[in-house]
Amino acid sequence: MPLFRLRACLLFCSFFFAVSGFQTLRLTPDRGSTVNISNTAKGSLCKVCTGEGRRCDNSLLLKGGTPVSVEFNCPQPERVFTVEITRNIDCTTKSCNDDISQGESNLDPWLVFHRRFTWNLRSLGPKSVLVDFTRTSLRQIPPSENCPDMHTYTFKAFQATGTVAIGTFCKMGPISSAQILKQGSFSLDVPPEVEIRREQFAVSVAEDIKSLAKITVSLPQMTSSLELLSPNFPESFPDDDVMEWYFEITNRQGAAIEFLNLTEPRCVKKEIAAEYHSKGRRAVVTALTDNQPVQNQGDFSLILRNCEMDRRRAGSPGLSLKLRVTSSRVNSPVLCNVDSRKIKGLSLHLERLKSASECEMKLNSVTMEKITVPSGGVSQLSFQDCLPLHVNVTASGVIACTQLKDCPKSPVPLAVPSLPSCLPSPLSAVTWTLRAPPHGTVELSSLVGPLKQSLQGQPCNDSIIALTEDNGSTLGRFCPQGAIQKIQIHNNVSVTVTRVGGQSLRASAKPVLTVSLKGEITERYIFTVSPKRDEPLFLATPGWPMGMESYATVSWIVSLPPKMEAHLKFVNLSQPKCANRHTNIRVQRFDSLEEDYSRREDEMADEISVSENFYLNMSNCMPERGDFMVITEITVQKNQLLIIIVSVVAALVLLFIAVLVVVCFVIKKKKKKLAHEVSIYNPNGTSFHPRPVFPKTREDNESHVYASIEDSLVYTHLLRKGAEMGIYTESDTYQSFTGQMDTEVTKDGSDLETGVYQEYPASPQAPPLPKRPLSHNHALVENVIYQAQLSPDGQSAKMGPRLEPEGGN
């Protein structure tokens, strides 16, 4: 049977095309393998389709033997789909049916996809399955890291209780083989655009093991250090289970074991323990928190046993750890040349610990208990029978200036140096002594992100930065991922960088801090802080958990995000009895002349909210007894006052709009009621409406309004003025006109005589006019509206000119 190769597994067509946004691939999975094409992007609508009916779904599972055309209904499926090719390897009590073999050539169109190749391993008998890495070797990495060649391997063990991740690995390391009990898997992940390298790993049947997995590590004969991780790291090791590491070393080597980042569970039954086994020696069992024995008599096994954990309580920790193994040659000296010019101006210090009675250190052939490698040159060191646990390695440096004009003009980086690998132990701490000129200030800032104080309940996860003043008092312990942008200190200070749990420091191109030596500040300490929204920030007084020094002052400059307010709560507040002066806690906003808050030691401190950027100042008295120390909790939230003001303004605007609409509606309605119907004057004597008249209800109609009013009532003021002008007398009244009138054709075609009162046919659309007595009983005389001149024979004469009396119309 051919080996499991990508070309044997998938036969691709030579074309890869796109039509109307669709892409099509044709493949033929090898017999005995399956191909799973799945959409791993949440919320993506891209589908994979196959078959004559174009069945589309988020995933597609294909089995070997039959060519298949696969179509994607989106233009770039490689962004959302991954391809996993799986093959099963079964082992009997004597042999396995295949080896692990990865691709030989390029991947044609599938090169743009993320690919995973998985080999399922299964033992049909009681023995285990062994995968040999002797030709390439592997090294273990944390799950969050990537391999340099982008080829990442993963081991898993299948148990009745679930799947256990044994570890993630890269090539080029000390791991030579791995065994899995009964069932498991070995997989390779390759990102897009990366061609798969041709590799082969032999799979065979191995002896029965009593653990879920066994990793074999071949330690090099030179001084070396490596880290291994517990299964499922950083999550918990399986409940009541066992893991084994087997270390191969020569008789002239020694190995030391350390457990780092250890979290211990609460056990219900049994106890967690480490067991050491080697040929010809009795097993040694130790607690994980004890010093582990040095192994210097050849190969040995380390077995990690977990207990039956109490996981009923929420947040109960499990078992997880890092296993650091360091080895070196014994019974022969190890030479090491150290060039101090390459460690960035730092001095190197090596100290032999008291427990290392057999360790011998020499500087330039002179035996010493403590060695300081001077800066500026090359020194020759030698070590005999020195293991990592026997020697402590540190580094130190000084940055100082006597006058402000002589200080460095730009910030000086503080970075962890890289040391030669021939040293018996890695670097454990670096200390910089920072000395400002008289009346000067040491200013520290971080380029990798703001800092936070290491307080109870908020421990550091990786590196720790300890600040110590010249008098030996500790200013505080800090670590990354906080809100402190800058620290200013009036006195000289030392900066010491270590790692949590005593782990060795790792060299980094990025500095831990940068330091500037500047002019004098008004306070003894000033912290510049930028808290984040909805993330509680805890600020402790300098020296915590000890009290502040007498008369010491500290200020925090707090900058808030826009439209936010800070809620201050003083927790863990301890006040002394003062012999001189008073302690004081003050809060004052920027550009404000008045304090927002002020409390002494004899006053009760309460909570306060500040809606702008502000200063938080604290000062100590001369204590008679007791200490002054405070932890301030700052929580940034949306400005509640601003929200209330905006809400009130919005409500008032809505109310104003509503009132405006109502007023406009009422005014419009009143105007409509006040608008009288206007008739157009017709000289033939007929009045008509200028627009259609629609039927109205009784309450809206105008039946109670007269359609015409006596002229004497309408023009009374004009008649009065006409009498005054001598145009007519008060006896002049309307006289009926008896002459010939023009005729007007009505709507129904009948003729009506003008000048003669006749009943007008009532409109079906309007109510009839009310009957009233006629007031036109006299002949018409000249008036201000028009003058009618009648001929003697009664014919209508030419109308005279219109006169406009005073007063207008």
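In the predicted model, the charged end of lysine 214 is placed over the ring of tyrosine 246, at 5.1 Å from the ring centre. A second arrangement of this kind involves arginine 599, whose charged end sits over the ring of tyrosine 597, 4.5 Å from its centre.

Contacts between aromatic rings were examined next. A pair of aromatic rings is described by the distance of the centres and the angle of the planes. The structure holds 17 aromatic pairs, among them the edge-to-face pair of phenylalanine 133 and phenylalanine 155, with 5.7 Å from centre to centre and 70 degrees between the planes. This pair links distant parts of the chain, since phenylalanine 133 belongs to the loop between strand S11 (128-132) and strand S12 (138-141), whereas phenylalanine 155 belongs to strand S13 (residues 152-159), 22 residues apart. Both phenylalanine 133 and phenylalanine 155 are buried. Phenylalanine 186 and phenylalanine 201 likewise form an edge-to-face pair, for which the centres are 5.7 Å apart and the planes are at 80 degrees. Phenylalanine 186 lies in strand S16 (residues 183-190) and phenylalanine 201 in strand S17 (residues 200-206), so that this pair ties together parts separated by 15 residues in sequence; both of these residues, phenylalanine 186 and phenylalanine 201, are buried. The four phenylalanines belong to one aromatic cluster formed by Trp119, Phe133, Tyr153, Phe155, Phe169, Phe186 and Phe201.

Further along the chain, an open sheet of four strands follows the order S45-S54-S47-S51 with antiparallel pairing. Its edge strands, each pairing on one side only, are strand S45 (537-540) and strand S51 (608-610), and neighbouring strands of the sheet are turned by 25 degrees against each other on average, direction ignored. Strand S47 (residues 564-574) is joined to S51 by three bridges, the two strands running antiparallel, and alanine 566 stands opposite valine 610 in S51.

The backbone was then inspected for less common geometry. Most residues other than glycine have a negative phi, and most peptide bonds are trans. In the loop between S19 and S20, asparagine 232 has a positive phi of about 70 degrees although it is not a glycine. A cis peptide bond, with omega of about 5 degrees, joins phenylalanine 233 and proline 234, and proline 234 lies in the loop between strand S19 (224-229) and strand S20 (242-248). Another cis peptide bond joins tryptophan 544 and proline 545, with omega of about 10 degrees; proline 545 is located in the loop between S45 and strand S46 (553-558). Arginine 581, found in the loop between strand S48 (577-580) and strand S49 (584-589), has a positive phi of about 65 degrees without being a glycine, and at 57% relative accessibility arginine 581 counts as exposed.

Notes: Residues numbered from 1 in each chain as written. Predicted model: local features only at pLDDT ≥ 70, side-chain atom pairs only at ≥ 80, totals over all residues. Heavy atoms only, no water. Phe/Tyr/Trp six-rings, centres within 6.5 Å; stacked < 30°, edge-to-face > 60°. Buried < 20%, exposed > 50% of the residue type's maximum accessible area, 1.4 Å probe, protein only. Lys NZ or Arg CZ within 6 Å of the ring centre and 35° of its normal. Pairing = 2+ DSSP bridges. Axes fitted to C-alpha atoms, helices over the stretch in contact; angles between N-to-C directions.
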